[in-house]
Structures are given as C-alpha cells and as structure tokens.
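Colleague: I would like to go through this model with you and ask how you arrive at the labels you use. Could you show me the structure before we start?

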Amino acid sequence: MPVPLVVARPDRLQRFRVTAAALADGLERRVGATRAALAAYEARTEPAFEVPCRGSVDAVDRLGGALAALGGWVGRVGDAFEHLPTHDGIAFDLDDQLLAAVPATPAVGAGAPGNGATLADAVEDVALGALASLRSGTTAAAAGAAAAGGAGGVASRAASRAAGSPITTASQVLAVIAAGRVGMGEIAHRWQTEEGSATWARAGRAGLDGVLNGAGMLAGGAAGAALGEVLCGAAPPAAAACVTAAGTFGGELGRRGGELLGDVLLGDEPAVWERDPLVLSLEIADVDGAALDAAAADLDAAAAESADLAGRHRGFVLEHPWVWADTYHDAPVVPPPPPAAAIPTDGPR
Amino acid sequence: MWNDVRYDPDATDRLVRELVGTAGAIEEVLGILGGDGPVIAEDWAGPHRLTYDEERERLVTAAVAVRELVLAAAQGVVAALAAARGEQALRVRLRAELAPHACAEGRAC
C-alpha cells in the first residue's frame, strides 16, 4: 500500500486566504454602492420601463461570499501544514491524517454545500435566476416600446440594435482596463523584485515587462476576437458569445506570450506577488474612475442614439396613425369622453 | 398617454456606472484568480488539492458568467431608458397633435 504523501507551501496558501478576503471585501463594498444606486433607480423609474437588476447584484454578492469561503478553506489547509518541517519553503509529511481536521470541501458560511455541490453552484443558481428575470424584464420593456411604436416593431429592433453597441463598447473598454492593469501589475511586480538595483535600470526593466504583458494581452485579445468573427459567423447572440470567448482566450494567450518574452529577456521573477490587502480591497471596491467615465459616456451615447432611432421611427408612425391607432396599449387614440355631466354644451373650451 | 413617463436619467446613469464598475471589479478578481490561483497550488499534493483545482476553475467560470450578467443588466437599463425617452417624446407629440381635434369634437382637452 503506497504511503500517503502530503506536500504544500503553507505561506502561499495562507497568503491566498488574505488575498481572497481582500477581494471579497472589495466586492462587498461595490455591492453596497450598487444596491444604493439600484434603490434610487427603482424608486424613480416607472415599472414598465424598469429593468430588474436585483438578481445580478445578488449574484455578485454570492460571488464574493464564495471567494471568501474558498480562501478561508485554502488558508486552513495552509494552517495544517504550518508546523511541519520545511525544505525550501515546502512542508511535507507522510501521513494525510494531519488534514483530517480540514473539511474535504469548502462551504459558504457554516453549512456545507452537500451532494457534491461546489461553491460555484450557489453563485450560478442565483446568476441563472437573475438572467431569467433580466430577460423577462428586458422583454417587457421592449414590448412596451414596441406597443408604443405600434405594428412595426421597428422601435424594438432599433432599441436592440442600439443596445447591441454598448456591450461591445463596454467590453472593449474593460479589455483595455484589464490589459492596463495587467501591465501596471507587472511593472509593480518587477519593480519590487529588483529592489536594490540601479533606479533607471530598474524602471526601464519594469516598464518593458509591463508593456510586454499588457500589449501581449491586447494584441492577443484583438487577434482572438477577429478570428472569432471569421469563425463564428454573424448571427447574434451566439456570435457575440463566441467572439467574446475567442477574444478572452486570445487575450490570455497573448498575456502569457508577453510574460514569457519578458521572463526570457529580463529573467524570472518570484511567482506569488505579495499584495497589500487593504490596497487591493479598495482597488476592487472602486475601479479606475477615468476609464469608467469613458464606459459610461459610451453607454450614454448609445442611449441617445437609441432614443433618436426610436423617435424617428415614431415620427413616421405618427404621420400614419391608422397603422397603430388600435394597437397603442389596446386603447383608442382619442381619449374617452368625460362623464355626461361634464360635457360642455357651448362648444370647445 | 396623458401622463408623463416617470424616469430619472441621473439615477439611471448612476446605476449603469455602478454596474459597469462592478463588471470591472470582477474582471480584476478574475485576473488575480487566474494569476495567483495556479501558482499557490504549485508543490501542493494531498487529499484537498483536486478539490481546490475544481473549485477554483468553476468559480472562475461562474465569475465570468456574473460579469457578463452585470454587463447585460447595464445594457438592459440603457435600452429601457431609451425606450422611456422615446415613449415620453411620443406622448408629448401626440398630446400636441390630438388635443385640438379633441377640443373641436367637444371632448375634454
């Protein structure tokens, strides 16, 4: 019977607990801010034109909880290894019973998922419910717009056409943000690694490493998305998901290529970056304001375009009221007559 | 048709900014999970290692889904705002065009 061997680097596992807790804390702060904005939106928007977003925010909340649970569980494994003898930072033992005190699977809160469920299941359950709610809510808003536009349905097509652009634009902005952050992270990482070397050489090498990683990610993402457009065809929404997946895959390949090139040119660096948990948490809670301004401006421009398209269509419909007169919210165009007592007898007022 | 559509562009804009910001935060979480996640598992062997790999991979997949969900919510909010604006413009125009006819026919205007 083979002897069970357990091996780990306890400091890395314990550090992951701190990192995951910081990420979860940042997400929690962001969820709080989003819930406040959502409450104001719901209070000031007519239900027919309100999109249900609570489920989406709940899913982010669950994601943070799952992340903290995974980190806590990994940290407990690290704790179990802490007092074992180490060699080059690696702790080892020939008896896996030392891990008997650590649950076999991580669990959110006090309860175990059970039935083979993973942490992600809890997140996905909420996300699926939110998606269904979002689809029905968005459909209801589009139906309202189509009813207002009468028989054409052009308004809903115009809305969906205009609505198609912000997600592409937002995804592109997010890709640039991600690549920029990867690049900045590599610069900081390399800068910390080379402490003690000459400042100018240190700055140059850190900058080169950051540019290689960020540019590699951007180039890979663009190439992946272009390849995806060729391979996936042009039929939405499957094409959008396919192009997004191809772009993400290409970006990751590009980042790894840039990282590899940086390591070849500049030498290896320590594998795990020690982050300041507080800085990390605040960074997650409030991402780059300027980039978000740009994304929000894009979304706003798309909204204006959509309103313009819908308005132009409705202007046309207004010239031909018979097209939609009997379909506008199933009500007659001319308002119903007032009660008999209020009918004026001396002509229009 | 005779009532204004109730919507608030400022509140909507704030919500969209928060949703887009949240998607950006998840993007950053994904970057860290993808970067540190495999590295901390180097030199890790034992009964919990496979569970960790599976949990991490599925959590990354779920995070990607949540990020897309949040972006889709922002997209829906923008589209609904556009629909509300268009509806409001239509009602204003209808009132202007139809009110004189209603008055001429002896109805309330």
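Modeller: Gladly, and please keep in mind that this is a predicted model. Let us begin with helix α1 (residues 10-44) of chain A and helix α7 (residues 277-285) of chain A, whose axes lie 7 Å apart and make an angle of about 35°.

Colleague: What makes the crossing of α1(A) and α7(A) left-handed or right-handed?

Modeller: A crossing is called right-handed if the near helix is turned clockwise from the far one by less than a right angle. The crossing of α1(A) and α7(A) is right-handed.

Colleague: Which residues meet where α1(A) and α7(A) touch?

Modeller: The test is heavy atoms within 4.5 Å. On the α1(A) side, the residues that pass include A:V18, A:A22, A:L23, A:R29 and A:R30. On the α7(A) side, they include A:P277, A:L280, A:I284 and A:A285. Sorted by character, the residues of this contact come to 9 nonpolar, 3 polar and 3 charged.

Colleague: Thanks. Now to the strands of chain A: how do you know that β1(A) and β3(A) pair?

Modeller: Pairing calls for at least two bridges. Strand β1 (residues 6-8) and strand β3 (residues 90-93) of chain A are joined by 3 bridges, so they count as a pair, and they run antiparallel. Within this pair, A:V7 has A:F92 as its bridge partner, and A:V6 stands opposite A:D93.

Colleague: And how many bridges join β2(A) to β3(A)?

Modeller: Strand β2 (residues 86-87) of chain A shares 2 bridges with β3(A), again in the antiparallel sense. As at least two are needed, the count is sufficient and the strands pair. A:H87 is found opposite A:I90 here. The two strands make a hairpin with 2 residues between them, and in its turn A:D88 has a positive phi of about 55°.

Colleague: Why are β1 and β2 of chain A said to stand at the edges?

Modeller: The open sheet has 3 strands in the order β1-β3-β2, with antiparallel pairing. β1 and β2 of chain A each have a single partner strand, so one side of each is left without a neighbour in the sheet.

Colleague: Let us turn to single residues. Why is A:R255 classed as buried or exposed?

Modeller: The cut-off for buried is under 20% relative accessible area. A:R255 has 13%, so this arginine is buried. A:R255 sits in helix α6 (residues 238-266) of chain A. Beyond its neighbours within four places in sequence, A:R255 is in contact with A:V182, A:N213, A:G216 and A:M217.

Colleague: What does the relative accessible area say about A:G214?

Modeller: A:G214 has a value of 8%, which falls under the 20% cut-off, so A:G214 is buried too. Helix α5 (residues 199-232) of chain A holds this glycine. Not counting residues up to four places away in sequence, A:G214 touches A:A179 and A:G183. The C-alpha atoms of A:G214 and A:G185 are 9.4 Å apart, while the two residues are 29 apart in sequence.

Colleague: Why is B:D43 given a class between buried and exposed?

Modeller: Buried means under 20% and exposed means over 50%. B:D43 comes out at 35%, so it is partly exposed. B:D43 is placed in the loop between α1 (9-40) and α2 (49-104) of chain B. Its phi is near 60°, a positive value in a residue other than glycine.

Colleague: What is the secondary structure of each chain as a whole?

Modeller: Chain B has 2 helices and 0 strands, whereas chain A has 8 helices and 3 strands. Along the sequence, chain A reads β-α-α-β-β-α-α-α-α-α-α.

Colleague: How much of each chain counts as buried?

Modeller: With the 20% cut-off applied residue by residue, 40% of the 349 residues in chain A are buried. For chain B, the share is 58% of 109 residues. The accessible surface of chain A is about 17,600 Å², with 63% belonging to carbon and sulfur atoms. Chain B exposes about 4,100 Å², and carbon and sulfur atoms supply 52% of that area.

Definitions and conventions: Residues are numbered from 1 along each chain as its sequence is written. Chains are lettered from A and ligands numbered from 1 in the order in which they are written. This is a predicted model: local features need pLDDT of at least 70, side-chain atom pairs count only at pLDDT 80 or more; totals for chains, interfaces and linings use all residues. Side-chain values use heavy atoms; hydrogens and water are left out. Helices (H or I, at least four residues) and strands (E, at least two) are DSSP runs, numbered from the N terminus. Axes are lines fitted to C-alpha atoms, for helices over the stretch in contact, and angles run from 0 to 180 degrees between N-to-C directions. Ala, Val, Leu, Ile, Met, Phe, Trp, Tyr, Cys and Pro count as nonpolar, Asp, Glu, Lys and Arg as charged, and the others, Gly among them, as polar. Buried means under 20% relative accessible area, exposed over 50%, partly exposed in between (1.4 Å probe, protein chains only). Accessible areas come from the Shrake-Rupley method with a 1.4 Å probe; for residues, only the protein chains shown count as cover.
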